[in-house]
Amino acid sequence: MAGSRRLAAVAAVLAVTISGVLAVGAMADRDTRGTRSPAADGERPTVVPAQAVGTDGRADIVLILMDDFSLELLATMPHAQRMATEGATYDNAFVVDSLCCPSRAAMATGQLPHQTGVLTNTPNDPEDPIGGYEAFVAHGNEQRQFSVNLQDAGYHTGFVGKFLNGYRGESVAGVELPAPTVPGWSDWQALSGAAYNGWDFQSTYLDADGEVQLQDHPKPPLSAPAARRDRAYATTVTARKAVEFLKERRPGDPPYFLEVATYAPHSSMGAAYPGGTQFPAAFRDRPRGGGTTGGNCGTRPCGELTLDDLTGYGDPREDNAPTYLLPDGSTAPAPPWRTNEITLTDQQALTRYRDRARMVQSVDRLVKRVRKAAGPDAYVFLTSDNGFHLGQHQLNGGKGTPYDSDSRVPLVVVGPGVVPGTRHQFVSNIDLAPTFEELAGVRTPRFRSGRSFAATLTRPEAPGARYAFFEHTYAKSQPGEVDTDEGSGGTIDLIPSFVAVRGERGLLVRLDLDPSWSGTDPAFELYRYDRPWEDVNVFAEDHDKPYARDLMRRLLRLDGCRPAQCRAAVR
C-alpha cells in the first residue's frame, strides 16, 4: 500500500477515538484565532510595491537552496550573516518533510507529500513509484512546478545544481539514458548525483534545439594545485554557472527566476580523493596538515565549535517513547521506535560538525557572488531542503524526524523594499511557490496548499501562519544511509511514518509503529516548547490540556487535507 494510503488508514483508525476525546470540554478550550476567512482558492495576489520590482515592472528572483543544512551552521557563514542583517529572517521556517526529495517536490509545487505522491527518496516499486524523480513525473508534478507558471507568464527561468533524487537515474542494459527535459525551465543546468562527492561529475545544458546535453567536469589530479582542484569543486562550479546566468541578463530582458541548488553540505557517497572526509570541504577550507581544529570555519575558529552548539545532543531517549491514546481517553505506554545502536562517538560527531562548517564556507562564497551578480533590485532567498541531526536525540546522524534539528531551516530574504529584521510568523517550504508567484504578479493556482508570505517582506508584523504541518513515510533506505533499522539489515528507515503539527507552544506527532504497509499502530509524542528542545514526551500528562487539544484538532484537519483546507488550518 502506498504511503499516503497507509497514513489515511491510520487516520481512519483514530477518527472515532480522537473525536470523542476532543468533544469533552471542547467549548471550554476552543481556540479559533486565525482560522476564520481562509483564502479563497486562486485568490488574486496583492500588488507588489513599486520599489520592489524589476525594470519591466516584475520582480527578478533568486532562490539559493542548500542540502541537509542544519541551522547552527548559519552562524559560521559571514556573507549569509550579512544577508540576514540586511534582510528578513524567519525564525519559524520549516519543511513539510525533512527528507530531500519529498521536501524539494513539495517546494516546487507548493503541495504536501500526500498531494505530490513523492513520499520517499527512491521509487521503491517501479510499477507504482512512491519516491524520487520517477514518482515526481508519474504523479504529474512537472507541470505543477511554480517555474511553469512563471515561464508561462514570460519569465526567463534558470536552474543550476541539484534537482531531485533519481533524476537521470534510468538505464537500459547498463547504459544510462539521456537526461530528460524538465518543463518550466528556460535554462537547465542540473548537476549529476556524482556531485555529492564534490568532484568528477556531469552537468546538463540545453542545446539550440532545446534538447538536454551533458558536460563533463572531471576532477584534476591530486598533484594539481589546490586552486585548480577547487575550480572543479561542485559548489564552485554551481556558483560559476549561476553567475554566468545572471551576467547574461541585459536591461530590457524579461524578468528572471533563478534557482541555485547546492549539493553542500550533504555527505559524500564516496571519496573523490584519497583521505576524503564524509563531508568534503573545498581544499582552501581544509586544515593544513590535517587535524580537527584548523581550517576555515568562517566566523569562528574551528576549534571553538563544540558539541554544545548541537542543541539536544546526547539527550537520553528513555523519556521519549510514544504513548497510546485509548478509546476512553486514557493513555498507555507504547514501545519506543528509537532502538538503533548509538555508534556515533563524541569525537566523530565533533569532527563531522567541524567538517560541515568548513564545507558551507564554499556555499557562503556562492551567496556573496550570486548577490553581487544579481544586484540590489533582485529578491534573493536563502534556505535549505531540510535540517540534519548529528547525535541529537541519540540518533546517529541524518534527517527525517519532525524535531527541530531536522524540520527547522534557515530562511533569509533580501531585496528591494524588504524591511530588515526577524519575523516570527510560521513559514513552510510549500509557501515559497505562492510567494514567488505573488512577487511576480502571477495568479497562484488553486492546487497550491501553501500561502504567500510576501506581505511580511515589507510589513514584518503582517498576519501569517501560526502552525506548521509535517508528514513522513517510512520506507526502504539506500545503502549507506544512517538511522536505519538494524533488524532489517540496514535496508529500512528507522524513523516510522508520522504526521505532526507544530505551534508556538508545542509539537504533536502521531506515529504509525506498525512496520508493515497494510497494518496500523498509531501512537503519540507531545513536546512543550517552554523547554529547550523535544526532551520529554508529555502526551500522557498534557494531552487533554487546551494547547494539546488545539494541536490535535489541527492535526486532524491537516492530515490528508485538500489545498484550501491546508491553507486554512495553519492560520
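Phe279 and Phe388 are both buried in this predicted model, and they make a good starting point for a first look. The two rings form an aromatic pair in an edge-to-face arrangement, with 6.0 Å from centre to centre and 85 degrees between the planes. The pair links distant parts of the chain, as its members are 109 residues apart. Phe279 belongs to the loop between strand E10 (256–261) and strand E11 (323–325), whereas Phe388 belongs to the loop between strand E13 (378–384) and helix H10 (404–407).

In total, the model holds 28 aromatic pairs. Another of them joins Tyr167 and Trp188, again edge-to-face, with centres 5.7 Å apart and planes at 80 degrees. Here the partners are separated by 21 residues: Tyr167 sits in the loop between strand E4 (156–161) and strand E5 (171–172), and Trp188 sits in strand E7 (residues 187–190). Both Tyr167 and Trp188 are buried.

Aromatic rings also meet charged side chains. The charged end of Arg249 is found over the ring of Phe245, at 4.5 Å from the ring centre. In a similar setting, Lys219 lies over the face of Tyr273, 5.1 Å from the centre of that ring.

Turning to the helices, H3 (residues 100–109) is mostly covered, with 10 of its 10 residues buried. Among them are Cys100, Cys101, Pro102, Arg104 and Met107. What do the buried residues of H3 pack against? Their neighbours are strand E1 (60–66), helix H4 (113–116), helix H5 (132–138), helix H6 (146–152), strand E10 and helix H11 (432–439). Just after H3 comes Gly110, which has a positive phi near 70 degrees.

Some backbone angles deserve a closer look. Most residues other than glycine have a negative phi, and most peptide bonds are trans. Asp68, although not a glycine, has a positive phi of about 60 degrees. This residue is located in the loop between E1 and helix H2 (78–86). Is Asp68 buried or exposed? With a relative accessibility of 2%, Asp68 counts as buried because the cut-off for that class is under 20%.

Asn124 likewise has a positive phi, near 70 degrees, in a residue other than glycine. Its place is the loop between H4 and H5. Asn124 has a relative accessible area of 25%, so it is classed as partly exposed.

Finally, the peptide bond joining Ala264 and Pro265 is cis, with omega about -5 degrees. Pro265 is part of the loop between E10 and E11.

Definitions and conventions
Residues are numbered from 1 along each chain as its sequence is written. Side-chain values use heavy atoms; hydrogens and water are left out. Rings of Phe, Tyr and Trp (its six-membered ring) pair if their centres lie within 6.5 Å; planes under 30 degrees apart count as stacked, over 60 as edge-to-face and the rest as tilted. Helices (H or I, at least four residues) and strands (E, at least two) are DSSP runs, numbered from the N terminus. Buried means under 20% relative accessible area, exposed over 50%, partly exposed in between (1.4 Å probe, protein chains only). A charge sits over a ring if NZ of Lys or CZ of Arg is within 6 Å of the ring centre and within 35 degrees of the ring normal. Contact means heavy atoms within 4.5 Å.
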